[in-house]
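Reader: I am new to this structure and would like a close look at one part of it, namely the charged side chains that pair with one another. Please take them slowly, and then show me what surrounds them.

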Amino acid sequence: MLIPHPLLGLRDAQEFTYLGDASLMSPPPSDDPEALERHVHLRDNPAGLLRELWFHEQGDRSWLVVTRDTRTHEILGAELATDIRREGAR
Amino acid sequence: MTRLDGGHVDRTRALRFTFDGKRYTGHSGDTLASALMANGVRLVGRSFKYHRPRGIFSAGSEEPNALVTIGTGARAEPNSRATVVELHEGLAATSQNRWPSLGFDALQVNDLLSPFFAAGFYYKTFMQPAEFWEKLYEPMIRRAAGLGKLSMLPDPDAYGRGFLHCDLLVIGAGPAGLAASLTAARAGAEVVLADEDFALGGRLLAETHTLDDDDATAWIAATEAELRSLPNVRVLSRTTVFGTYDHGVFGAVERVGDHLPRPQTVRQTLWRITAKRSILAAGAIERHIPFAGNDRPGILLGGALRAYANRWSVTPQASETDRVAIFTSTDDGHRTALDLMAKGVPILAVIDPREDAPRLGNYPLRKGAVVSGAKGGRKGLSSIEITEGGRSDWFECAVLGVSGGWNPNVHLASHHRGRPEWSEADAQFLPPSELPPGMSVAGAAAGQGSTHGALASGAEAAKAALGLDTLPELPRAEDAPSRGMALWHVPGRGRAWVDFQNDVTVKDIALAHKENMRSVEHLKRWTTLGMATDQGKTANVTALAVMAELTGKTIPQTGTTVFRPPYTPVALGVLGGGDTGAHFRPRRLTPTHPWAKAQGAEFVEVGQWMRAQYFPQEGETHWRESVDREVLAVRSGVGLCDVTTLGKIDVQGKDAGEFLNRVYANMMGTLKVGRVRYGLMLRADGFLYDDGTCARMAEDHYVVTTTTANAGLVYRQMEFARQCLWPDLDVQLISTTDAWAQIAVAGPNSRALLERVVDGFDLSTESFPFMACADLTVCDGLRARLFRISFSGEHAYEIAVPARFGNAMMDRLMSLGQDLGATPYGTEALAVLRIEKGHAAGAELNGQTTAQMLGLGRMISRKKDSIGAVLSRREGLEADTRRLVGLQSVDPSQKIPAGAHLFTAGEARDLNTDQGWVTSACWSPHVEGHIALGFLAGGDGRMGEEVIAANPLEGQEVAVRVVSAHFFDPEGDRLRA
């Protein structure tokens, strides 16, 4: 697989470490233990588009949010997690 | 059998080889199969289940029968297809799946017992009684199963690995592939052309067709020369593309040295090819027509018979007067007869089930007839039965070519979602319409079977793939349509083989159907059809059609099974790419490794690191003697240990303190500059993740340490926190584990020793107390970091210098500390020291433990939020009463097994009575007895109680007393001194 790194271009997936669902970037408020519990333990497993976290461990150490179709492995885009998190906060 | 005229073998170069120890001679350009055929060898193997005698059936990688072991000793490679093994001088081949010999095989009795070995035999027979499975059935099946045997010796060969990137990957160098490559190459595209054969040309080599009225080999040679001359083309012959992976990535194996007498530098290379576009031009595989007794040696695919005659100038005849028959349902078989006749081979008849079969030449033609039986001994076919209009007659016949039409080779086009699609008009499965992205299919693989069709479709595919305007001029070639009918099997009472390698017959398919195996996937597993090493390349389509006939469904309704990589078997050795043994993973050496090696240290693998385990001295005969000495030296003098492997992360920025507050469970933001604090890190689910120290070097600069095992993971997690959770914090991270050599200097004389290296730095407790840190210089100006921290419980320091000075630093400290008792210690002594002190390490932080269990629950600050803090207070975790305790053998000489579980004395030893477990254990020179750390239910309140540490797996049981985990200096006076 090839991942289109927003700064470095197409990179082989072997350079990356996979984490999972990008929802991990948005923990709920810490005063809601039940929501935290769901956040930590429950994941959707969609057949279709999934936004997921990949770490460019053998590269520039960026965390990326990659949009992938789980049925075809087609990758529709990759963004820096930092950018997404900052935009989300605004 | 002598050679026929013509062909593409070099008669001037003789190559000697052996088969089952017997010596033979072949020529350069031969495969093992063609050379065996030239030497009159008809019996080459035994079938898997019935041990039936088998001969060469095909001329390519689809071969189901001619599987042999190539090479001897450690280099023996089982299940090699003789049809694709390139002959070389000294090649030694051995037949398989027979005992004591290929000619007389004891297990051929299985053939007589065949009524008992029908489809689903294994599932039906070996079910009851269940307890027989492990002891009797499985070992029995394993002994009888399998074709070739592995040598069980380490692979002595070297393997390579390479990466290629191209605009266009062309798979197959037949007419379609060559035309595609030429088109793309002349347009300047980066082209990789791969073909599994050692010669380019594909099917052209097996035919007598002309190109531009000249021999096809002239065009092949000119094309090859042009391609090889172009810098933008890479021609990989002897290279099998075995898998189509995501995003234009292909796996391929190049047999670099297999055809050379001894493996040269590299035997095979694994190529990972990333291609923007790809053209599959893998040709087609001929299908046979099952009839009774159709597996006899001497019966082979018609196209293969033609290939052997044309390319290698051989036939499977025992003598040149032996008659050859052709059984064909398409025009293609008639061509075989013509080509053989041109070489003087006597033709018994062409048997064609079509009433309107064409006559292409002057050979006996039996229209509307079928071959319905075959007889012969183990040497192979002797006669065939021809049935025509209800009448059957036997005819003497040594060789039979069977042509049932061609199946486009769609394997690599079907590795993604698409399934091959049935074309009723062509009676063929064509490539899926949903192809892997970037792929197109050309030539016979796309159903374009004529030479002209292959050339034109190859060139067109390249033009379309690269968006070109022009096509190169292609040679004139035959464009004869090959008409035919689909004849899936000849009905009859005898066994008619569909899958030769796994011995699956038409009857087996019928039986599976009768037993309600209606899905093609069930059929496959019930009969094992297509599950042999050839993956049913010559069997699957025929089996589907037979099944469709039985169910009254159409072929597309019946469907196909899934194609998966690899296309042909790939040796695990080449997939490993040489990364075996010491090369399995990177080996990291500590900065003081050369010094430790010179001291005669024993080393131990810790993850990727090699660490000094202990330093045996003259006269010490047991490792524990060395370890005890090292421990006592630390406790009484001063010890030195390389602790570089612990992860070091530099945390800098205005918000570094706030960042660490959120990452560590305890408060780090309030740490004063020049001080160190022990830190606990939790996982998001509240369990303990890692521990380490956190040193504040400046207002905006911390240096944190991690355990050796988690160095990479903690860094990854901290980057996640920085980038994905709090990108607005002003903080930067970098791993400096390899940048600094760090040496623990521990023991009552540690200060005295360090005073001899620091450049005028005051080490008194007043100015540099326990848990202090500083940037300083040592040894006249070498920059260093000093931390007064202790893992051993002694007055101790860790000194860090730039990694390249680590070895010299160790040397200097040792030589300056002779009078102070300076002693190097390794990981064993390090472990003993920390167990005596009750400090947690990897065994206590195993992912199943909490801060509460370590007795450190109060470290989780409630004044701030941090990762995992809220969930660490979950009911289930809070209620856990297991606590870290010390354990001491009641009989001091009795060892406590690490990993043993703890039970209350007198209670049963089972899950319900489990009280905890032993995490770390050692002999303590300080206690002068065996001690351990462990987690015990209600541990805090059980001091002094005697419990049982039991390891029922090995029948071990030790009475231990529960004590404080701090065996050594519980008040901490020593480390603060």
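**Charged pairs and their surroundings**

Author: Arg366(B) counts as partly exposed, because its relative accessibility is 22%, a value that falls between the 20% under which a residue is called buried and the 50% over which a residue is called exposed. This is a predicted model, and the position of Arg366(B) within it becomes clearer once its partner is named. Glu388(B) forms a salt bridge with Arg366(B), and the closest N and O atoms of the two are 2.7 Å apart. The pair links distant parts of the chain, since Arg366(B) belongs to strand 20 (residues 365–367) of chain B while Glu388(B) belongs to strand 22 (residues 380–388) of chain B, and 22 residues separate them. Glu388(B) is likewise partly exposed, with a relative accessible area of 31%. Elsewhere, salt bridges that share partners join Arg52(B), Arg54(B), Asp111(B), Asp295(B), Arg495(B) and Asp503(B) into one network.

These contacts belong to a wider set, for the structure holds 60 salt bridges over all chains. One of them joins the side chains of Arg716(B) and Glu57(A), with an N to O distance of 2.7 Å. This pair crosses between chains, running from helix 18 (residues 711–725) of chain B, where Arg716(B) is placed, to the loop between strand 4 (49–55) and strand 5 (63–69) of chain A, where Glu57(A) is placed. Arg716(B) is partly exposed at 22% relative accessibility, and Glu57(A) is partly exposed with a relative accessible area of 22%. In chain A, the side chains of Arg71(A) and Asp69(A) also meet in a salt bridge, here at 2.9 Å from N to O. The two partners of this bridge fall into separate classes of accessibility: Arg71(A) is partly exposed at 46%, whereas Asp69(A) is buried at 7%.

Another charged residue, Arg98(B), can be described through its surroundings. Arg98(B) lies in the loop between strand 7 and helix 2 of chain B, and with a relative accessible area of 22% it is partly exposed. Once its neighbours within four places in sequence are left aside, Arg98(B) is in contact with Asp20(B), Arg46(B) and Asp105(B). The C-alpha atom of Arg98(B) is separated by 8.8 Å from that of Leu147(B), although the two residues are 49 residues apart along the chain.

The loop that holds Arg98(B) leads on to a nonpolar part of the surface. Leu107(B) is found in the loop between strand 7 (91–94) and helix 2 (109–112) of chain B, and it is partly exposed, with a relative accessible area of 34%. Together with Val109(B), Leu112(B) and Leu113(B), Leu107(B) makes a nonpolar surface patch of about 350 Å².

For a look at the interior, helix 10 (residues 506–514) of chain B is a useful place to turn, with Val506(B), Asp508(B), Ile509(B), Ala512(B) and His513(B) buried there. These residues lie on the same side of helix 10 of chain B, because they cover an arc of only 165° around the axis. Behind this lies a simple rule: an α-helix has 3.6 residues a turn, so residues three or four places apart point the same way. The buried residues of helix 10 of chain B pack against strand 29 (497–499), strand 30 (504–505), helix 11 (520–527) and helix 12 (540–551) of chain B. Just after helix 10 of chain B, Asn516(B) takes a positive phi of about 75°.

Two further residues of chain B deserve a note for their backbone. Gln535(B), which lies in the loop between helix 11 and helix 12 of chain B, has a positive phi of about 50° although it is not a glycine, and at 24% relative accessibility it counts as partly exposed. Met152(B) is not a glycine either, yet has a positive phi of about 65°; its place is in the loop between helix 4 (132–144) and strand 8 (159–171) of chain B, and at 72% relative accessibility Met152(B) counts as exposed.

Notes: Residues are numbered from 1 along each chain as its sequence is written. Chains are lettered from A and ligands numbered from 1 in the order in which they are written. This is a predicted model: local features need pLDDT of at least 70, side-chain atom pairs count only at pLDDT 80 or more; totals for chains, interfaces and linings use all residues. Side-chain values use heavy atoms; hydrogens and water are left out. Patches are made of residues with over 30% relative accessible area and no salt bridge: like charges are joined within 9 Å, nonpolar side chains (Val, Leu, Ile, Met, Phe, Trp, Tyr) within 5 Å. Accessible areas come from the Shrake-Rupley method with a 1.4 Å probe; for residues, only the protein chains shown count as cover. A salt bridge is a side-chain nitrogen of Lys or Arg within 4 Å of a carboxyl oxygen of Asp or Glu. Helices (H or I, at least four residues) and strands (E, at least two) are DSSP runs, numbered from the N terminus. Buried means under 20% relative accessible area, exposed over 50%, partly exposed in between (1.4 Å probe, protein chains only). The arc is that of the directions from the helix axis to the C-beta atoms. Contact means heavy atoms within 4.5 Å.
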